[in-house]
Amino acid sequence: MITCRNVTKRFRNGNTETTVINDVSLHIEKGEFVALTGKSGSGKSTLLNMIGLIEVPDSGTIDIAGSDTGRMTDIQRAEIRNHKLGYIFQSFYLEERYNVFRNIEMPLLISDVPKAERKKRISECMEYVDISEKSGQPAETLSGGEKQRVCIARALANDPDIILADEPCGNLDSVNTERVMELLRKLSDAGKTILMVTHSMEDAQYADRIITLRDGVITDEDRK
Ligand SMILES: Nc1ncnc2c1ncn2[C@@H]1O[C@H](COP(=O)(O)OP(=O)(O)OP(=O)(O)O)[C@@H](O)[C@H]1O
Ligand SMILES: [Mg+2]
């Protein structure tokens, strides 16, 4: 489902150039749940963002669902971002003034889904993450755990094959962390492919495989 071949990414700060991802190759099967761990600054978010088509590698190739994303037009990349990928972030990135329903509706509006179908999808997604009761409430009035469940519902709205999560439990207490991790595990069992960045070895245990990055290089792969 996801294949990286010899992916390298450098960032330039003034006159110094640092290699943040150094010749990384990895393959993630359809339905696999992979945790990406490593110290702060090891390149986890950079790698996730390249797979998520938010950043572009300097060299190497990334295939999503069998297609080389480097050879795609901007329109094709946007199509993959909207339909094949669902994103979950540590800091949520919700529209705080919008209610839960409207936040989940956003990706469906971008994809021009008709109104009746939107309503049905939003209800299903709210039910899946158990947030239906808060449908009309502005995001700013929700707890951290509730916000992250709204983010998961929003990520699921277009029924993507792949879920990309960057520290989804980074701002949550242990009770909400467990709830979010169980939701991700349930999505994985339902056939979604999941790549999750985490600092927590406890959260990584929910995954099928743990990949460790160090200074932009994969140093360890632990398949359970
Ligand atoms: N846009 C950028 N410009 C310059 N340097 C960057 C940029 N983005 C990331 N970096 C650098 O690349 C390195 C890896 O960053 P990245 O965010 O991928 O690390 P991370 O493993 O996700 O860390 P954390 O656990 O703290 O989130 C860091 O040294 C960071 O400063
Ligand atoms: Mg990061």
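Helix 5, spanning residues 144-156, is a good place to start in this predicted model. Its 13 residues reach 18 Å from the first C-alpha to the last, close to the 18 Å expected at 1.5 Å a residue, where the expected span is 1.5 Å times one less than the number of residues. Helices here are DSSP runs of H or I with at least four residues and strands are runs of E with at least two, numbered from the N terminus. Local features need pLDDT of at least 70 and side-chain atom pairs count only at pLDDT 80 or more, whereas totals for chains, interfaces and linings use all residues. Residues are numbered from 1 along each chain as its sequence is written, chains are lettered from A and ligands numbered from 1 in the order in which they are written, and side-chain values use heavy atoms, with hydrogens and water left out.

Helix 5 is mostly covered, with 12 of its 13 residues buried. Buried means under 20% relative accessible area, exposed means over 50%, and partly exposed lies in between (1.4 Å probe, protein chains only). Among the buried residues of helix 5 are Gly145, Gln148, Val150, Cys151, Ile152 and Leu156, together with Glu146, Lys147, Arg149 and Arg154. The cover over these buried residues includes strand 6 (85-89), helix 3 (100-110), helix 4 (115-129), strand 7 (162-166) and helix 6 (174-189).

Ala153 gives a closer view of helix 5. This residue is buried, with a relative accessible area of 0%. Leaving out residues up to four places away in sequence, Ala153 touches Ile104, Cys125 and Val129, contact being heavy atoms within 4.5 Å. The C-alpha atom of Ala153 is separated by 8.8 Å from that of Glu127, although the two are 26 residues apart along the chain.

Helix 3 can be described in a similar way. Its buried residues are Val100, Asn103, Ile104, Glu105, Pro107 and Leu108, and their cover includes helix 4 and helix 5. At the N-terminal end, Asn99 acts as a cap, with a side-chain oxygen 3.2 Å from the backbone nitrogen of Phe101. Just after helix 3, Asp112 takes a positive phi of about 60°.

Ser135 sits in the loop between helix 4 and helix 5. It is buried, with a relative accessible area of 19%. Setting aside neighbours within four places in sequence, Ser135 is in contact with Asn99, Val100, Phe101 and Met126. The loop between helix 4 and helix 5 also holds Asp130, which has a positive phi of about 60° although it is not a glycine. Most residues other than glycine have a negative phi. Tyr93 likewise has a positive phi, near 55°, and lies in the loop between strand 6 and helix 3. At 56% relative accessibility, Tyr93 counts as exposed.

Attention now turns to the open spaces. Rolling a probe the size of a water molecule over the atoms shows where empty space is left. On a 1 Å grid over the protein atoms alone, a pocket is an open set of points where a 1.4 Å probe fits, with protein on both sides within 12 Å along at least five of seven lines, and lining residues have an atom within 4 Å of a point. The largest pocket holds about 390 Å³ of space, a volume being the space filled by probe spheres set on the points. Its lining consists of 16 residues, of which Asn82, Tyr87, Pro107, Ile110 and Arg154 lie nearest the centre. Helix 2 (74-83), strand 6, helix 3 and helix 5 each supply at least two residues of this lining. By type, the lining divides into nine nonpolar, four polar and three charged residues; Ala, Val, Leu, Ile, Met, Phe, Trp, Tyr, Cys and Pro count as nonpolar, Asp, Glu, Lys and Arg as charged, and the others, Gly among them, as polar.

The second largest pocket has a volume of about 150 Å³. Cys169, Ser174, Thr177, Glu178, Ser200, Glu202, Asp203 and Tyr206 line this pocket. Helix 6 gives the most to the lining, with three residues, and the lining as a whole divides into two nonpolar, three polar and three charged residues.

Terms used:
Polar contact = N/O pair within 3.5 Å; in protein donor to acceptor, adjacent residues only side chain to side chain.
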